[in-house]
Each structure stands twice: as C-alpha cells, then as structure tokens.
Amino acid sequence: MERCMAFDKELNLEATELRLGLPGIKESEKQPFSTIKSNKRAFPNMDEKSCGSKDGSKASHAQKCNQEIASPAKAQVVGWPPVRSYRKNCFQAKTMESEATSAYLKVSMDGAPYLRKIDLKVYKGYPELLKALEDMFKFSVGDYSESEGYNNGSEFVATYEDKDGDWMLVGDVPWDMFISSCKRLRIMKGSEARGLGCAV
Amino acid sequence: MQRMACSFPDEVLEHVFSFVQCDNDRNAISTVCKSWYKIERWSRRRVFVGNCYAISPGMVIRRFPELRSIELKGKPHFADFNLVPDGWGGYVAPWISAMAAAYPWLEEIRLKRMVITDENLELIAKSFKNFKVLVLSSCEGFSTEGLAAVAANCRNLRELDLRESEVEDLSGHWLSHFPDDYTSLVSLNIACLGCEVSFSALERLVGRCPNLRTLRLNRAVPLDKLANLLRRAPQLVELGTGAYSSELRPDVFSNLSGAFSGCKELKSLSGFWDVVPGYLPAVYPICCRLTTLNLSYATIQSPDLIKLVGQCQNLQRLWVLDYIEDAGLDAVAASCKGLRELRVFPSDPFGPEPNVLLTEQGLVSVSEGCPKLQSVLYFCRQMSNAALMTIARNRPNMTRFRLCIIEPGTPDYLTLQPLDVGFGAIVEHCKDLQRLSLSGLLTDRVFEYIGTYAKKLEMLSVAFAGESDLGLHHVLSGCENLRKLEIRDCPFGDKALLANAAKLETMRSLWMSSCSVTFGACKLLGQKMPRLNVEVIDERGPPDSRPERCPIEKLYIYRTVAGPRFDMPGFVWTIDEDSAMRLS
C-alpha cells in the first residue's frame, strides 16, 4: 500500500483520480469534507445516509472525500471558514504588496521637458501599459521580441529601474513580477537602448 | 384584579410603566388588559424588530405612535459569509419613508445587515429634526455622499457608528460637512472607511466636541497624527487607532506616549492595523485601565502580544489573532483575571497547514485561569473531547460558545472519535448557554445531547455535521428557547422539518443551505403554515424545473405577521396560490 501510494504521488495520479475510498484507507490524513462539493452540491449526503452502521458512516464520513489529495491549494468552500471579508482583506494587504490600492511611479522620456506619473495598478498587462505610454508621449513601440524587447526597430524603447537599481528592458518578466519590482520607467532613445537589447 | 387595574388613573400607570424599559417586560405589560395595552402603546419609546420582514412599517407605526428609537435587522447571519446572494432584500427604504411621515421626533435608528441608500440617508437627514443616533452595523448600499447629508443636516447628532458597513468611498470630504458650530458629537466610528478623511476637518471636529467619548478612526489615519487627536480629546473613553505604523523615531514615540498618558478615561482600544511593534510600548501606561482590547487586525507575534496583554490586569474583553498562540493565552490566563470574553481569529484561514502554535490548549488555559469567562469565539485546527470536557467543567457559567475548527469534519485528534461527547459536556454543564456554534466531526448524537440539555439555547449554528434527519429533529423538538437556527452542509432533509413545522412559528428564523431539503417539502410547509414565509433561494432557475428529489440550494424560513414580502428578487421562490392549485 505504501509503495503504491509513493508511486502514485510521483505520477501525481491522485490529483486527477476520482474514487470513493473504502473505510480504512489513509486514516492518517484528515480529508476535507468539502472538496468534492465546490459550490454546488449533488447528493453526497444522501449517499452518506445509506451507508449502514454508525461506525461505518463515521469512518467513511472522514474518508469520503478521498479525491483531491495531492493538490496543495484546496478547493475553497463558499463562506468557510466563517471569517468576514473585511478581516480577510486585512492580511492579504500585508502579505502581498501588490494589493496596495495604487502604484504611482515616474515616467521619463528622453528629450521630453518634464516627467509624467502613471498608476501601474490601472493596467492589466504589458499591451495596455505600452498603449498608455504611447498615447502619453506620442511615440510608438513595436511588438515584443526576445532580442529587443518592445522595440522592433522603433525610435524608442521602454525600460524600467528595478528594486536593485538596475535598468531593465520592459517585457521580459511576467507582469506581476514587473509591477512589484518596477520603481520608475524611462523611455529611452533607440540608439542608447541597443546595448540593453543585445545582452546575450 | 380588573377592579384594581381600573382604580389607577392612566397618568399614574404611565408613570409606573416609564420605569420599565426592557422590551420583554413591556410586551408582557401590554398583554395584561386592554387599558394597559393602550397606555403602554402610547408610552413606548423604543422598539426592536429582529427581522424587518416579520412585521410591516405600517403595523409598527399604528401600534406605537410615539416612538423615538427603532432598531431593525435585515439579512440572516450567514449573509456575513457571503451565503446570501446580492439583492436578496433587507431594504430599509419603506421603513424610512413611513417613519419620515409618522415620527417627526424620531431620534435613533439602528440597523443591522440592511441595505440603505444615499437617498435614504438624505431622507433621514431632512425628516427628523432631533435626530441623534445612527448606527449602521454590517450595512451596505450607501456612499460617503449619504454621510455628507447626515453630517450637514443633523444638528443634534450624537452618534454616527458605521460598524463594519460597506461604504462606497467617493471622497473623504464628507466629514467637512459638519458645520463649524456643531459640537454635540459623542461617538464616531468610521473604522470601516477606506478613504482618507480630511484630517484637518477631523482635528477641528474632535477639538470642538467636548463630549466626545468614542472615536474609532480608519486605517488611513497615520500614526503621527494620532497624538494631536488625543491631546484634543483627553476625555476619550474608547479609541480606535488608524494604521499603527511609522518609522521608529524617538520624538514621535514620546509624543504619542505622552498623549496616551493624558487620556485618563481610556478604557477601550482597537484599530492597530499594520503594527510596528516598536510603537506598542506607547500604550503601556494605560494598559492597566483597559477593559476592552481589540487586536484582531494586529499582525504582531506572540512575544509582543504577551508583553502587551500581560499588563492588562483589568481586561474584560480581548479580541486577538491566533498569533497569540498557546503561550500568549497562558499569559492571558495568568494576568487577565477579570476576562469575560475572548475571541481568537485565524491569521491564515485558508492555508492548508497550521502557521501558528495555537491549539486547544490555549482555550483550556484561559478557561482554567479566568473564572468570569462566559463568551468565547475560537478558531483553531485541532480539538479533543477531553479538552471540551475540561472547558465545560471549568466554566459552567459559559453563555456563548462558538468553536470553529477550520477543517470541516475534523475528529478528536487524540482518539479520532467524533466530538459529540465534548460538545455534549458543554451543553450539559453550561446550563445558561444561550449561543452555540459547532464544528468538527459530529454525528446525530451531539444533537441528541443538545436537545436534551441545551434548554436555554437561543441560537445554534451548525456546519458539516450530523448524519440524518434525527439530528435536526432532536434540536427542533428539544430546545425550548431556540430562536435562531442556521445550518449549512448537513444531511438534514424534509422529515424533521415537516414533523416540527409548528416549532418554526416559535422561532425568529431558520436557515438551511446545502442540505437535503426538497422543493416539495417547502411548498407543503408554505401551504400549511400561513404565518411563516418559506423562501427558497436558488439561483439555478425555477425549482419546479428540476426533479422532485433534487435538493434546493438554500432555505430561509421566518415567522411573520406581514404576509409574503413584495421585494423578492427572481432567485427567491415561494409558495403562491397558483402552485398550490397545481399541487392538488
């Protein structure tokens, strides 16, 4: 049984497997009653009733939902645990910096007389952000390419300063990582940017 | 007896009645005879309506023509956990309209879980010249514009309390609408607001209201502004701080510490968002006077919590996160000998693994060390029957016991048995238990214990428990004083419900969601019991369109003398004349 379980864990079959465990299997794991239900219920408790003796139903009660086991993120049941939403928002704001209500940062463009400020929270991804920058500064960037970022031969290229103080090409990292590490933006003249794009 | 009652002139009776304030006693007085009923109704100044749909505004106004204060509750409790879909109801509008016409001298409105709009707030502000108290607890539907109307027009306002309401933050300027000559503020609670209120307006307001005793700020008020506010209101009794974080600077610290020391009447503290532990010692000088401490937003660790709580020898009420851990609760048990209420909230309710060292032991310690402990709300991840039995024996004076074991269906971690006997011990020993919330692995047996012993129980919350209708039957047939029953995800069906239909008229309400109740049973209940509103809440479309055996999603049953309500949304299904005919 143990070997079988270890093998199954490696293949991660358990994550996709649908089965009703017999009483006695995996006694050590407390199984969440709710994971089979998500938000809508079928007749799981009707089956529960016909399960026979009290003892039998107790064990199968606990083992009943032996279905999703390997996945670390459990299916969340609506309204459980019974914690009011304003309490939940409180911690998330502390642990995830990206939950702050706004992230205004400076944007400079080479040759422009003054800087601008934008709120990164407003944008859902790179295309939106670049479109906004294009509108704001009246220039255009091309599509993203591996070698040159959002440049593609245009006169300007979008770069940003990250937490470590390094100047990076916009577009390389996933959006969420970008907004949590970006401190300011700079629209560089294409000629200056060549060096960045050509790294490795 | 009748001759005696008539021998007193009405004015004398009225004078005697004026000493009776309690609602239940007033209700009793009104049933003695017709003349007492008449005198009592003219002299009643305050009314509590526990379910806004149990009676119509017109009926209240007709019976009590001279009210000054009204309290209304709307949505069922489980609405707090998003189980009631938006648009279900609880609108205060018809009440405000009716009262605006009938009660020009109304002074107090207290609402809980109701929908109130800016228009409603404007009507309140315009209609009641002597308006004094507005408490909106867990309400929604309004914005800061409505608050501006209240601030601008209610010249005699004493209390504005927005307790955990959801407010649309359009602007912080609403606070500036309090006129410069307005000085009667006694209590202001804006802790739930997201936006920054104009700080200078707040300072001036606080400075010119000498009777201010309660001030609960919102998170947006920075710590470095707190000292100034406190110095303007040294008479404060209850304070909620804003964000409790700032760069650690000795001058800011000593300013704050001095300001706190100057508040000799301060008995209650809350707020403490984003706590920087280095600033906690600023409150040490006043800890010995504190009776209420709400640290449920304070994400500080056990050692800091212990240092703080260890100085609060007069604490009666403590709300805290599970960061306090068992060690912290041991400290509470040792230091807070007058503790009456403890609430421990989960810092990571959705994490799969425990993130703190908080177990059943913490609660056992407090139950041993605090002889006055009577009210508990405790979130944890493990429990044992032995611990529950110990708590029960230690604290037979317990009146409110709400235990939430985070994982549904968790058994006794020592024996792997259900927690039936543990909760059974609670209801058996705590003879005055009024409120109980169950969790963990539970069979029908726990309900048998509850039905047998919990004779004073008024409110019961059940989730992921039980095995059959017998469980529900035990509760409905045994708990004589049951008023509110809320159930989710339990295998309870039609049988117990129909067998105990009459019981439902003796209760305020019953909520059942994700159980095994069929639409057929609901229709039957609705037909047989005209004084109950039987509401089937189902967002999947007409329940008739599904097979009879398919359980409904949610059921809310409440007694009413007002008949079916007129503001039901499309996903609420009730019995009506047509379907009654179809059924036969």
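**A walk through the pockets, a sheet and two backbone oddities**

Hi everyone, let's start with a pocket: the second largest one here has a volume of about 1000 Å³. Please keep in mind that this is a predicted model.

So what surrounds that pocket? The lining is made of 27 residues, and those nearest the centre are Asn27(B), Phe48(B), Val49(B), Gly50(B) and Arg559(B). If you are following along by element, those that give two or more residues to this lining are helix H3 (23-30), strand E1 (46-49), helix H5 (57-63) and strand E2 (69-73), in chain B. Which of them gives the most? That is H3(B), with four residues.

For those of you thinking about chemistry, the lining of the second largest pocket divides into eleven nonpolar, eight polar and eight charged residues. Two domains of chain B each supply at least three residues to it: domain 1 (1-44) and domain 2 (497-583).

Staying in chain B for a moment, there is an annotation to mention. An unreviewed UniProt entry gives "domain: F-box" for residues 8-49 of chain B. In the model, that span is 62% helix and 10% strand, and its end C-alpha atoms are 31 Å apart.

Now, on to the cavities. How many of 30 Å³ or more does the structure hold? There are four, and the largest cavity has about 60 Å³ of space. Its lining comes from chain B: Asp322(B), Pro354(B), Asn355(B), Val356(B), Leu358(B), Phe379(B), Cys380(B), Arg381(B) and Ile406(B). Sorted by class, the lining of the largest cavity has six nonpolar residues, one polar and two charged.

Let's move over to chain A and look at a sheet. This is an open sheet of five strands with mixed pairing, and the order in chain A is E2-E1-E7-E5-E6. Why do two of these strands have a side without a neighbour in the sheet? Strand E2 (116-119) and strand E6 (167-169) of chain A are at the edges with a single partner strand each, so one side of each is left without a neighbour. On average, neighbouring strands in this sheet are turned by 35 degrees against each other, ignoring direction.

Let me zoom in on one pair of strands. E1 (residues 104-109) and E2 of chain A run antiparallel and are joined by four bridges. Within that pair, Tyr104(A) is opposite Asp119(A) of E2(A). The hairpin that E1(A) and E2(A) form has six residues between the strands, and Gly111(A) there has a positive phi near 95 degrees.

To finish, a little on backbone geometry. Most residues other than glycine have a negative phi, and most peptide bonds are trans. With that in mind, here are two spots to look up on your screens. In chain A, the peptide bond from Trp80(A) to Pro81(A) is cis, with omega near -5 degrees. Pro81(A) sits in the loop between helix H3 (54-63) and helix H4 (85-95) of chain A.

The other spot is in chain B, where Glu325(B), a residue other than glycine, has a positive phi near 60 degrees. And where does Glu325(B) lie? You will find Glu325(B) in helix H13 of chain B, which covers residues 325-335. Thanks for listening!

Methods
Residues numbered from 1 in each chain as written. Chains lettered and ligands numbered in written order. Predicted model: local features only at pLDDT ≥ 70, side-chain atom pairs only at ≥ 80, totals over all residues. Heavy atoms only, no water. 1 Å grid on protein atoms, 1.4 Å probe; cavity = no way out; pocket = protein on both sides within 12 Å on 5 of 7 lines; lining within 4 Å. Points joined across faces, edges and corners; volume = space filled by probe spheres on them. Nonpolar A, V, L, I, M, F, W, Y, C, P; charged D, E, K, R; others polar. Domains from an automatic or database assignment. UniProt positions renumbered as here; feature names shortened; annotations may be inferred. Pairing = 2+ DSSP bridges. Axes fitted to C-alpha atoms, helices over the stretch in contact; angles between N-to-C directions.
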